[in-house]
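Here's a quick look at a couple of pockets and a run of paired strands. Have the model open while you read.

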Amino acid sequence: MIEIPIYQADAFTNVPFKGNPAAVCPLDTWLPDETMQAIAAENNLSETAFVVREDDDYRIRWFTPRREAPLCGHATLATAYLLFTQRDINATELRFQSLSGPLTVTRDGDWLAMDFPAYHFAPSELPSGISDAFQIAPSAVFKGGSYETRYYLLYEDEQAIHDIQPNLTLLESAAPYGFAITAPGKQYDCVSRYFSPSAGIPEDPVTGSLHSSLIPYWSKRLNKKDIHAYQASARGGELRCTYHPERERVTIRGQAVLVLSGTLRLPF
């Protein structure tokens with residue numbers, strides 16, 4: 001029997017049961033991939049993060065209930081928060097090695113600031129038949145970004161983002177694609193929602209990695225470097241972001257709160 005610690009934190013919020021819940025498993029050594037995937041399926045959260053110390057850095061991996069993810073914002077935020085608050089880390093900055101390269105997280109007052117790659121998307125069209133999944137036609141469609149398997153639907157009215165209830169069965173049939181909807185906001189610079197049923201995530205409550213692509217777009221469109229973003233899921237989440245075009249990076253700031261800690265028992 002192997003016992004490992006497991007935590008659950010709500011990211012992009014400072015209020016329990018808001019934001020996006022992520023499970024975090026700090027490990028001494030890596031578990032088999034199939035075991036980590038089974039743990040993520042058992043947790044049934046958008047992502048479960050696994051982290052191992054490597055010299056002065058950490059290596060982080062993220063799993064949805066169905067597959068490994070190349071980049072995840074909210075689970076990185078949750079992992080950094082737990083390392084800072086639960087594992088006696090005295091540093092002000094953590095450096096993670098990941099499938100998307102090095103990622104740093106810095107304490108910024110009550111917020112944590114993640115330094116992520118900036119990504120760009122290009123004009124596109126939805127896959128055949130998928131437009132029927134959305135009740136309101138977008139003003140533009142893009143593809144690419146932080147995941148090459150993401151589509152971005154642009155709307156000009158924030159209310160459309162709140163009103164849309166997509167046909168998730170139809171979206172799941174478009175595997176492996178995920179679908180983001182976004183619009184300029186009223187209280188915020190931009191609002192969004194994200195759906196990825198083929199990854200086992202019908203609607204992701206708050207998607208940090210999505211903003212690696214959204215922030216460069218909205219920064220250019222609004223002609224401002226700092227973007228205050230909101231993901232308008234039922235749980236909701238706030239992100240304070242900055243685009244750095246000179247080095248093609250995005251700072252994504254958020255808060256987190258611990259809601260659960262325990263022990264995972266593996267029959268090894």
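Let's start at the hairpin of S10 and S11: five residues sit between its strands, and Gly-145 takes a positive phi near 75° there. This is a predicted model, by the way. The two strands, S10 and S11 (residues 150-154), run antiparallel and are joined by four bridges. One pair to look for is Ala-140 with its bridge partner Leu-154 in S11.

S10 (residues 140-144) also pairs with S9 (residues 121-123), again in the antiparallel sense, over three bridges. Here Phe-121 has Gly-144 of S10 as its bridge partner.

Now for the pockets.

| Pocket | Volume | Nonpolar lining residues | Polar lining residues | Charged lining residues |
|---|---|---|---|---|
| Largest pocket | about 240 Å³ | 11 residues | nine residues | five residues |
| Second largest pocket | about 150 Å³ | seven residues | one residue | three residues |

Which residues lie nearest the centre of the largest pocket? They are Glu-47, Thr-64, Ala-69, Tyr-147 and Arg-150, out of a lining of 25 residues. The elements giving two or more residues to that lining are strand S5 (68-69), helix H2 (73-86), strand S13 (190-196) and strand S14 (201-204).

The second largest pocket is lined by Ile-2, Glu-3, Ile-4, Pro-5, Pro-26, Leu-27, Asp-28, Thr-29, Leu-31, Arg-87 and Phe-268. Strands S1 (2-11) and S2 (20-27) are the elements that each supply two or more of its lining residues, and S1 gives the most, with four residues.

Notes:
Residues numbered from 1 in each chain as written. Predicted model: local features only at pLDDT ≥ 70, side-chain atom pairs only at ≥ 80, totals over all residues. Heavy atoms only, no water. 1 Å grid on protein atoms, 1.4 Å probe; cavity = no way out; pocket = protein on both sides within 12 Å on 5 of 7 lines; lining within 4 Å. Points joined across faces, edges and corners; volume = space filled by probe spheres on them. Nonpolar A, V, L, I, M, F, W, Y, C, P; charged D, E, K, R; others polar. Pairing = 2+ DSSP bridges.
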